[in-house]
Amino acid sequence: MSTAGSALTMERTDAEPSLPARSQLFAVIRRWWLPSILIVVLGLLVAYPLAILIYASFRTRAPAPGEAFAGEFTLANYAAILDSSNLIAVANSAMVGILATAAAAVLGGGLAWLVARTDVPLPRLVAFAGLTPLFISPVVAAIAWSTLASPNRGYLNLLFEDLGIDFRVDVYTLPGVILVLAMYYAPYMFLYTRNSLNLMNSELEEAALIHGGNRWHVLRHVTIPLLTPTLLGASAITLVLVVENFPVPQILGANGSVVLIPSQIYTLMQAAPSRPTEASALGMVLLVLMIALVAFQQRAMKRRSFVTVTGKGARASLTRLRGWRWPLFAVAMVYLLLAAVLPFFALIQTALRRSQYVAGIGDLFDAGQWTIDRFIRLIGNSGFQNVLINTAIVGLASAVVGVGLYSVLAYVVARTNLPSRRALHQLAMAPAAVPALVIGIAFLWAWLILPIPIYGTLAILVVAYVARFVPQGFSSVLGNLTQIHDDMEDSAAMAGAGRIRSITWVTVPLVRSGLVSMALLMIVLTLRELSTSIFLFTSRTEVISVRLFQAYETADMATVAWIALILSAALFVLAFFGRRALLGRGI
């Protein structure tokens, strides 16, 4: 009997673990199940599409439904990068990126210095000038400037002609593309530089003044050196955004005068016959360039301690501009005029005119030529109504899904001691180094070969947008969480509330405004985004940015102008209601 009992005991031991062993197993499961799910999700959103893109760049044929391993291995796609057209695109991207970033740094950094450290007149208006272009979509900016500065009948050239000035502006050139990109990415430099100037302790500057330095000497030898890490980091971010920009070079260089890497990738994908695997290889070149720039930016920002930010609250004395006050204020107003006022004037004129032919600048003020018939037809068009519905669905769905994913991800990184949190952090920030156009191609290949029928639906746009904006969303929520001490949540747990209830009752209400801001930010970003969706839409899943680009390619300029105005109005409404949240996150 004792032997039988022993045998039974042995059988039970082999069949199921003892209570302590089960507790340890459940503890391991509880500890790893959420990070494991997050790693899988981020892997599907980030790592898997990039792996498919890399794979496609080494194949003779692109992946297709039922043919995940189409074609044969080849290096010809990378050899094709040495073709003259591709090399020109790479060289142009480098030149445009460096020059546009330098111009944006001077413009945005200069405006930030005027607002934060000088007695410039009407500093709030100067700040408004520095920020307003941030809420103008790049595709809208490019279309507006194509109307303003076309070499033939651009409105600015008509003005010069009527005034008898022998001068012509041509935006369809390398300098034109550089100017437009610099104007619309200067706000990023403005935001970063202004924040650093506001935080920077001015004691070193005051000490330099006491020892005989004048204001300009102190600016050159003290202030700018102290800002160097921030300027380098912000310049690297701006350079990334400039080099990956697709709509500006595509629209302003459509005649082949300016070809950058993103526009060359688009050309390869749209060619007849298309060359998708060569486009994938060129996308890998752009990806490697982005990774290098992001690595440089992160290294530069690590040196930010070089800027003296203290808690003493010392208020910097303002630099007296004296006779330069109004001239520098005028420079800021000229920037506002060029970046916002004139582009919207051009769009409104183009939208309202019965005929797009303008004989002279006086014709622009002939009210008899104005009509809103095209607007009425556009709004009444069922296809455009479907575009607006698609845009609203994709924006709201991206906001809901994105905020949910980013919040859980940020909570695991900020509030747990799980060993996987560092890997999650790095994986979440990885899309910052992936150009938007490359993400679009990667998602195209990745989801075509999966037996999940989301290609050709709005779901693939939502998934692509959520993946595209993981770094922005994750960083935003993480910043909110790190501002809230975890003692309050722990106190609720010790008082008897479970961890989930503590999060729901304590943490979520404290970060609720940040989550709402993040949702608003996601909607704004999806409205502006064209590059990610240009390869993922179908005739049934167009969104407003894609419809705007498609309309421009058909040269229906009145319709283009109305769509651009509708898109801009939506962005400005969102910016007005969420300006503090959006500006605080530097979209």
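This dialogue walks through a few features of a predicted model.

Reader: What does the secondary structure of the chain come to?

Author: The model is predicted, so keep that in mind throughout. The chain has 25 helices and zero strands.

Reader: How many residues does the chain have, and what share count as buried?

Author: There are 587 residues, and 52% of them count as buried. On the outside, the chain exposes about 27,100 Å². Carbon and sulfur atoms supply 66% of that area.

Reader: How do I read the contacts along the sequence?

Author: Take contacts between residues at least 6 apart in sequence. In this chain, 77% of them join residues at least 24 apart. For a single pair, look at Leu450 and Pro65. They lie 385 residues apart along the chain, yet their C-alpha atoms are separated by 7.6 Å.

Reader: Where is Leu450 found?

Author: In the loop between helix H18 (436-448) and helix H19 (458-468).

Reader: Why does Leu450 count as partly exposed?

Author: Its relative accessibility is 25%. Buried means under 20% and exposed means over 50%, so a value in between is partly exposed.

Reader: How do I check the length of a helix such as H20?

Author: Use 1.5 Å a residue. Helix H20 covers residues 470-482, which is 13 residues, so the expected span is 18 Å. The end C-alpha atoms of H20 are 18 Å apart, which agrees.

Reader: Which residues of H20 are buried?

Author: Val470, Pro471, Gly473, Phe474, Ser476, Val477, Leu478, Asn480 and Leu481.

Reader: How do I describe the packing of two helices?

Author: Two packed helices are described by the angle between their axes and the distance between the axes. Here H19 and H20 pack at about 60°, with axes 5 Å apart. That angle makes H19 oblique to H20.

Reader: Which residues make the contact?

Author: H19 gives Val466, Ala467 and Arg468. H20 gives Val470, Pro471 and Gln472. By type, the residues of this contact divide into four nonpolar, one polar and one charged.

Reader: What covers the buried residues of H7?

Author: Start with the residues themselves. Helix H7 spans residues 155-162, and its buried residues are Tyr155, Leu156, Asn157, Leu158 and Phe160. Their cover includes helix H6 (138-148) and helix H14 (325-352).

Reader: Which residue with a positive phi follows H7?

Author: Gly164. The phi of Gly164 is near 75°.

Methods. Residues numbered from 1 in each chain as written. Predicted model: local features only at pLDDT ≥ 70, side-chain atom pairs only at ≥ 80, totals over all residues. Heavy atoms only, no water. Helix = DSSP H or I, 4+ residues; strand = E, 2+ residues; numbered from the N terminus. Buried < 20%, exposed > 50% of the residue type's maximum accessible area, 1.4 Å probe, protein only. Contact = heavy atoms within 4.5 Å. Areas by Shrake-Rupley, 256 points an atom, 1.4 Å probe, with all protein chains shown as cover. Expected span 1.5 Å × (residues − 1). Axes fitted to C-alpha atoms, helices over the stretch in contact; angles between N-to-C directions. Parallel < 35°, antiparallel > 145°, perpendicular 65-115°, else oblique. Nonpolar A, V, L, I, M, F, W, Y, C, P; charged D, E, K, R; others polar.
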